[in-house]
Amino acid sequence: MLSNREISQNFEVQISTLYNWRKTKPKLYRYLRNADFNFEQSKEINILLKRFAQEIQCDLSIPEIRLFIGSKFEAKSIDEIEAMHRGLLQLHHKELTGEEAPLYFSFYEKVARMNIIEKYILYKRVHNLRAEKREEVSDDLIREYFEEFLGSDEAVSDS
């Protein structure tokens, strides 16, 4: 647990404010007191996710990943990530009769087979790539971000 002085220094909060928050905002105060623990726990979870990502064996194609990046799918909870394939189907139902229908169905089928951790990692990578607001997303950038998700034909650069 952090002391009030450590909290004050780390978060630039006056000590008198912390004493006030102890009474008026007890949940926030407890969170700040445990901030060091929370940081360590998040760090450990990220390490586990990184290690798990190395074990992913998926067979998505670059066009399928482009489809996901270009979609308007946004998840606000783990439940929405778990049901991601259904959410994507609902979002793209109009496209399912066009020329690209096989691409959509192939992608949804592959995502439906993923476990929750694989879906979470895929979604977070798409989310992070979108946050960069790049003008163009090259095949090489997709290979870099989604290496573990690409099938063996897609994972190797054509150049």
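Helices here are DSSP runs of H or I at least four residues long, numbered from the N terminus. With that in hand, a walk through this predicted model can begin at a spot between two such runs: glutamate 12 lies in the loop between α1 and α2, the latter covering residues 15–24. The backbone at glutamate 12 has a positive phi of about 55 degrees, although the residue is not a glycine. Some background helps a newcomer to place this value: most residues other than glycine have a negative phi. As for its surroundings, glutamate 12 counts as exposed, because its relative accessibility is 74% and the cut-off for that class is over 50%.

Stepping back to the whole chain, the protein has 11 helices and zero strands. Its pattern along the sequence therefore reads α-α-α-α-α-α-α-α-α-α-α. The overall dimensions add to this picture. For 159 residues the globule rule gives 15 Å, whereas the radius of gyration of the protein is 21 Å, well over that value, so the protein is more spread out than a compact globule. The C-alpha trace spans about 65 × 35 × 30 Å along the principal axes.

Burial and contacts can be described for the chain as a whole too. Of the 159 residues in the protein, 38% are buried. The accessible surface comes to about 10,800 Å², and carbon and sulfur atoms hold 49% of it. Among contacts with a separation of 6 or more, 61% are between residues 24 or more positions apart in the sequence.

A closer look at one helix pair is a good next stop. Helix α1 (residues 4–11) packs with helix α3 (residues 26–33) at an angle of about 90 degrees, and their axes are 10 Å apart. That angle makes α1 roughly perpendicular to α3, because angles of 65 to 115 degrees fall in this class. On the α1 side the contact involves Asn4, Ile7 and Phe11, which meet Tyr29, Leu32 and Arg33 of α3. Sorted by class, the contact of α1 with α3 has four nonpolar residues, one polar residue and one charged residue.

Tyrosine 29, placed in helix α3, deserves its own description. Its relative accessible area is 7%, so tyrosine 29 is buried, the cut-off being under 20%. Leaving aside residues up to four places away in sequence, tyrosine 29 touches Asn4, Leu18, Trp21 and Arg22. Tyrosine 29 and isoleucine 7 are 22 residues apart in sequence, and their C-alpha atoms are 9.5 Å apart in space.

Another tyrosine, residue 19, has its place in helix α2. With 42% relative accessibility, tyrosine 19 counts as partly exposed, because this value is neither under 20% nor over 50%. Tyrosine 19 and histidine 93 are 74 residues apart in sequence and 54 Å apart in space, from C-alpha to C-alpha.

The last stop is histidine 92, found in the loop between α7 (84–91) and α8 (101–113). Histidine 92 is buried, with a relative accessible area of 7%. Once residues up to four places away in sequence are set aside, histidine 92 touches Ser71, Tyr104 and Tyr108.

Notes
Residues are numbered from 1 along each chain as its sequence is written. This is a predicted model: local features need pLDDT of at least 70, side-chain atom pairs count only at pLDDT 80 or more; totals for chains, interfaces and linings use all residues. Side-chain values use heavy atoms; hydrogens and water are left out. Axes are lines fitted to C-alpha atoms, for helices over the stretch in contact, and angles run from 0 to 180 degrees between N-to-C directions. Angles under 35 degrees count as roughly parallel, over 145 as roughly antiparallel, 65 to 115 as roughly perpendicular and the rest as oblique. Contact means heavy atoms within 4.5 Å. Ala, Val, Leu, Ile, Met, Phe, Trp, Tyr, Cys and Pro count as nonpolar, Asp, Glu, Lys and Arg as charged, and the others, Gly among them, as polar. The radius of gyration is taken over C-alpha atoms; the globule rule is 2.2 Å times the number of residues to the power 0.38. Buried means under 20% relative accessible area, exposed over 50%, partly exposed in between (1.4 Å probe, protein chains only). Accessible areas come from the Shrake-Rupley method with a 1.4 Å probe; for residues, only the protein chains shown count as cover.
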